[in-house]
Amino acid sequence: RGLVGENTHIFSRDDNLSSGNLPTVNRSLILEEHNGAGIFGSQFGIEYGMALSPQYSIAVAALDNRGSLNQDRPQYNLGNSFSARLSATPIDEKEKGQKLTWGVALDHTRNFRDRTFPLLTATLQSQIGGVQVSGNKLSVEADVAYTFPALFGRPATIEAEGIYSRFGGSRTDVAGSFVMVQHQVFDSGPSGDLDLFARHDAVALKTASVSGQVVQQATRLGVNYNLPYAQRRANLHLEYAHNRASGPAEILQARKSDEFIAELRFSLQPYIRH
């Protein structure tokens, strides 16, 4: 496939949703901080992807993820950012309810200017800190997800993702990861389908201009409910998050908070979690 336009970034397994313009069912805190649409901007560019085999696929993109349509100073420098991604599905046994996927990605974006890398609360309701970043950014990402039958034969999925970025101009290093477990309670046409999930997000940030390191964590519990008779295109998302952070006061403005969010989401694409 080939794509031209906004949100073509391939850095996340949630392809074309990593800018934050669209709500994914389970958003990664570290991905939102890397790609928030109001911070680094939505991505304008071109992407090409192809299947190498039934198990492997690749995607490459040339774009400008410093921001375009939703920025005060739009930028359309195709090739300012180059990214590549390899994805694999070594196990996909539908009769056994087992599926294993993994992916690795690399992104290099040049010439960041006047940007703040934000530290956000888990549900993105507030910003607890941030640092100025500049120069070229080199990022590497890896993710894995495994689905299997669990309690009462219902599917469960364990997934994890990690990202590391280096902003050369400001000498800023950011590493982040999340681990999530979700389990389907029921799945029936008249009643819809309901999942429970628990996850933990962590981010570590260090910059040359400030002594010390910020460590940010979020523990998150919630419910995802695909509503009845909506063909998985209407979703109720309930989530509680406990945020905590430690580090230098020059970067952090808040250290602890509790959040609750309720969202009703509609999509032309079905919400599929396992």
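Okay, let's start with a definition: strands here are DSSP runs of E with at least two residues, helices are DSSP runs of H or I with at least four residues, and both are numbered from the N terminus. What you see above is a predicted model, where local features need pLDDT of at least 70, side-chain atom pairs count only at pLDDT 80 or more, and totals for chains, interfaces and linings use all residues. Residues are numbered from 1 along each chain as its sequence is written, and side-chain values use heavy atoms, with hydrogens and water left out.

So, the overall picture. The protein has 1 helix and 12 strands. If you read along the sequence, the pattern goes β-α-β-β-β-β-β-β-β-β-β-β-β. There are 274 residues, and 44% of them count as buried. Buried, by the way, means under 20% relative accessible area, exposed means over 50%, and partly exposed is in between, with a 1.4 Å probe and protein chains only.

Now the sheet. How are the 12 strands ordered? They form an open sheet in the order 1-2-3-4-5-6-7-8-9-10-11-12, with antiparallel pairing. Strand 1, at 2-6, and strand 12, at 256-266, stand at the edges with a single partner strand each, so one side of each has no neighbour in the sheet. From one strand to the next, the twist averages 15°. That angle is between axes, which are lines fitted to C-alpha atoms (for helices, over the stretch in contact), taken between N-to-C directions on a scale from 0 to 180 degrees. And when I say two strands pair, I mean that DSSP finds at least two bridges between them.

Let's walk through some of those pairs. Strand 6, residues 127-149, runs antiparallel to strand 7, residues 155-167, and 13 bridges join them. To find your place in that pair, look for D143, which stands opposite E161 in strand 7. The hairpin of these two strands has 5 residues between them, and there F152 takes a positive phi near 55°.

Moving on, strand 7 also pairs with strand 8, residues 172-188, again in the antiparallel sense, over 12 bridges. Here I158 has V181 of strand 8 as its bridge partner, and G162 is matched with S177 in strand 8. This hairpin has 4 residues between its strands, and R171 in the turn has a positive phi of about 50°.

Further along, strand 10 and strand 11 (residues 234-246) are antiparallel and joined by 12 bridges. R220 has A241 in strand 11 as its bridge partner. What sits in the loop between strand 10 and strand 11? Q231 is there, and so is R232. Q231 is not a glycine, yet its phi is positive, at about 50°. R232 has a positive phi too, near 65°, and is also a residue other than glycine. As background, most residues other than glycine have a negative phi. Q231 is exposed because its relative accessible area is 57%, while R232, at 30%, is partly exposed.

Then comes the last pair in the sheet order: strand 11 and strand 12 run antiparallel, with 11 bridges joining them. In that pair H242 stands opposite D258 in strand 12.

Next, two buried residues. T121 is in the loop between strand 5 (98-120) and strand 6. Is T121 buried or exposed? With a relative accessible area of 1%, T121 is buried. Its side chain makes a polar contact with the backbone nitrogen of Q125, at 3.3 Å. A polar contact is a pair of N or O atoms within 3.5 Å; within protein, one must be able to donate a hydrogen and the other to accept it, and residues adjacent in sequence count only if both atoms are side-chain atoms.

The other one is Q216, in strand 10, residues 214-226. Q216 counts as buried because its relative accessibility is 2%. Its side chain reaches the backbone oxygen of L120 at 2.5 Å. Q216 is also 15 residues from D201 in sequence, and their C-alpha atoms are 8.1 Å apart in space.

Finally, have a look at I58 in strand 3. I58 counts as partly exposed because its relative accessibility is 31%.
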